Amino acid sequence: MKLIVGLGNPGKKYDRTKHNMGFMTIDRLMDEYGQTQMKKDFEAEYCKFKVDGETVFLVKPLTFMNESGRAVNFLMGYYQIKPEEMMVIQDDLDMPIGKVRLRTKGSAGGHNGIKSIISAVGTKDFKRIKIGIQHPDRQTVVNWVLTPFSKDQEPVALSGIDQAVDMVKDWVAGSSIDQLMNKYN
């Protein structure tokens, strides 16, 4: 099984904000895999389908960022998904806009969605795709992450989403984490 979780905040108000890079990546993956509907259950929106015999879940927690782990834990428990079968897509303030990095484990690095997942599933050992959103120059972090990209920044951010989509598709198709890290990091 492959559980792909995109982090973000639910609702139109947050649709294209920097903190919703994970949700935007899941939306693109839905298109790539020809999925048109998500089910609402387990405090999440998700779809489940098969790719070459592999069960794939695309998930957007509906608990808001700081409680993402609750929805993830419900799904993992119900479907008996192991942490090593999960990949989380998150925004990252400490990387330039659009830069993408794959990690196999680690601390939350100040990201509340990741903190929540680590707490809920009881381990730091799960894969993450981090998409850079850059640290703000003049505004608070909260204001920065909850606003959309500027017109100049948006194409760069979208290229990061493109790369994250390619990374997930390669993982679903059978590429090992080492192969992904060599290709994308």
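## A salt-bridge network

In this predicted model, R28, E32, D162 and K169 are joined in a network of salt bridges. One link in that network is the contact between R28 and D162, whose closest N and O atoms are 2.3 Å apart. R28 belongs to helix 1 and D162 to helix 5, so this pair ties together parts that lie 134 residues apart in sequence. As for their surroundings, R28 counts as partly exposed at 27% relative accessibility, and D162 is likewise partly exposed, with a relative accessible area of 34%.

## Other salt bridges

Searching the whole structure gives 11 salt bridges. Among them is the one between D27 and K60, where the closest N and O atoms are 2.7 Å apart. Because D27 sits in helix 1 and K60 in strand 4, the contact ties together parts separated by 33 residues in sequence. The two partners have their own settings: D27 is partly exposed at 35% relative accessibility, while K60 is buried, with a relative accessible area of 9%.

Helix 5 takes part in another contact worth a look. The side chains of D170 and K183 meet in a salt bridge, at 2.9 Å from N to O. Here D170 lies in helix 5 and K183 in helix 6 (residues 177-184), so the pair ties together parts 13 residues apart in sequence. K183 is exposed, with a relative accessible area of 54%.

## Aromatic pairs and a cluster

Turning to the rings, the whole structure contains 9 aromatic pairs. One of these is formed by Y46 and Y79, an edge-to-face arrangement with 6.1 Å from centre to centre and 70° between the planes. Y46 is in strand 3 (residues 44-51) and Y79 in helix 2 (residues 68-79), so the pair ties together parts that are 33 residues apart in sequence. Y46 counts as buried at 1% relative accessibility, and Y79 also counts as buried, at 16%.

Y79 has a further partner in F57: this pair is tilted, with 4.7 Å between the centres and 55° between the planes. It links distant parts of the chain, with F57 in strand 4 (residues 54-61) and Y79 in helix 2, 22 residues apart. F57 counts as buried, at 1% relative accessibility. If you step back from the individual pairs, F42, Y46, F57, Y78 and Y79 form one aromatic cluster.

## A lysine over two rings

Which rings does K18 lie over? One is W144: K18 lies over its face, at 4.0 Å from the ring centre. The other is F149, where the charged end of K18 sits over the ring, 5.4 Å from its centre.

## The cavity and its lining

F149 turns up again in the lining of the largest cavity, together with R16, M21, M24, E154, A157, L158 and I161. The structure holds 1 cavity of 30 Å³ or more, and the largest cavity has a volume of about 30 Å³.

Where does the largest share of this lining come from? Helix 5 provides it, with 4 residues. Helix 1 (21-32) and helix 5 (154-172) each supply at least two residues of the lining. By class, the lining comprises 6 nonpolar and 2 charged residues, with no polar ones.

Notes. Residues are numbered from 1 along each chain as its sequence is written. This is a predicted model: local features need pLDDT of at least 70, side-chain atom pairs count only at pLDDT 80 or more; totals for chains, interfaces and linings use all residues. Side-chain values use heavy atoms; hydrogens and water are left out. Rings of Phe, Tyr and Trp (its six-membered ring) pair if their centres lie within 6.5 Å; planes under 30 degrees apart count as stacked, over 60 as edge-to-face and the rest as tilted. Buried means under 20% relative accessible area, exposed over 50%, partly exposed in between (1.4 Å probe, protein chains only). A charge sits over a ring if NZ of Lys or CZ of Arg is within 6 Å of the ring centre and within 35 degrees of the ring normal. On a 1 Å grid over the protein atoms alone, a cavity is a set of points where a 1.4 Å probe fits but cannot get out, and a pocket is an open set with protein on both sides within 12 Å along at least five of seven lines; lining residues have an atom within 4 Å of a point. Grid points are joined across faces, edges and corners, and a volume is the space filled by probe spheres set on the points. Ala, Val, Leu, Ile, Met, Phe, Trp, Tyr, Cys and Pro count as nonpolar, Asp, Glu, Lys and Arg as charged, and the others, Gly among them, as polar. A salt bridge is a side-chain nitrogen of Lys or Arg within 4 Å of a carboxyl oxygen of Asp or Glu.
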